[in-house]
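Me: Please take a close look at the salt bridges of this chain and at the pocket beside which they may or may not lie. I should like one connected account, with the overall fold given at the start.

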Amino acid sequence: MMTPDSFEEKHNIDARVNSEVIAINRTDKTVTVKNVVTGEQSAESYDKLVLSPGASPMAISYN
């Protein structure tokens, strides 16, 4: 596993944890981000937006 800092250092990608995007403004290329721990909201600009909604883990068996 990587930390957000090591991920940014290796891939130049700003990964956020404990954050939820609550709005996307495609015209202005901004997202409204809510910190789920503090409730604080901020507007962040982006060049390219990658949506990663997640998935359920699956068990893999190696025989």
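Reply: Read from the N terminus, the chain follows the pattern α-β-β-β, that is, one helix and three strands. The model is a predicted one. Of the 63 residues in the chain, 5% are buried. The accessible surface of the chain comes to about 6,000 Å², and carbon and sulfur atoms account for 50% of that area. Among the contacts with a separation of 6 or more, 6% join residues 24 or more positions apart.

Against this background, the salt bridges can be taken one by one. A search of the whole structure finds two of them. In one, Arg16 pairs with Asp14, and the closest N and O atoms are 2.8 Å apart. In the other, Arg16 pairs with Glu44, with 3.5 Å between the closest N and O atoms. This second pair links distant parts of the chain: Arg16 belongs to the loop between helix H1 (4–11) and S1, whereas Glu44 belongs to strand S3, and 28 residues separate the two. Asp14, Arg16 and Glu44 are thus linked in a network of salt bridges.

The accessibility of each partner completes this picture. Arg16 has a relative accessible area of 43% and is partly exposed. Asp14, with a relative accessible area of 47%, is also partly exposed. Glu44 has a relative accessibility of 25%. Because buried means under 20% relative accessible area, Glu44 at 25% counts as partly exposed.

The pocket may now be considered. The largest pocket has a volume of about 750 Å³. Its lining comprises 21 residues, and those closest to the pocket centre are Asp14, Ala15, Arg16, Leu49 and Val50. Asp14 and Arg16, the partners in the 2.8 Å salt bridge, are therefore among the residues closest to the centre of the largest pocket. Strand S1 (19–25), strand S2 (30–35) and strand S3 (41–45) are the elements that each give two or more residues to the lining. The largest share, three residues, comes from S1. By residue class, the lining of the largest pocket divides into 11 nonpolar, five polar and five charged residues.

Taken together, the part in question is centred on Arg16, which forms a salt bridge with Asp14 and another with Glu44. Glu44 lies in strand S3, and strand S3 is one of the elements that give two or more residues to the lining of the largest pocket.

Note on methods:
Residues numbered from 1 in each chain as written. Predicted model: local features only at pLDDT ≥ 70, side-chain atom pairs only at ≥ 80, totals over all residues. Heavy atoms only, no water. 1 Å grid on protein atoms, 1.4 Å probe; cavity = no way out; pocket = protein on both sides within 12 Å on 5 of 7 lines; lining within 4 Å. Points joined across faces, edges and corners; volume = space filled by probe spheres on them. Helix = DSSP H or I, 4+ residues; strand = E, 2+ residues; numbered from the N terminus. Nonpolar A, V, L, I, M, F, W, Y, C, P; charged D, E, K, R; others polar. Salt bridge = Lys/Arg side-chain N within 4 Å of Asp/Glu carboxyl O. Buried < 20%, exposed > 50% of the residue type's maximum accessible area, 1.4 Å probe, protein only. Contact = heavy atoms within 4.5 Å. Areas by Shrake-Rupley, 256 points an atom, 1.4 Å probe, with all protein chains shown as cover.
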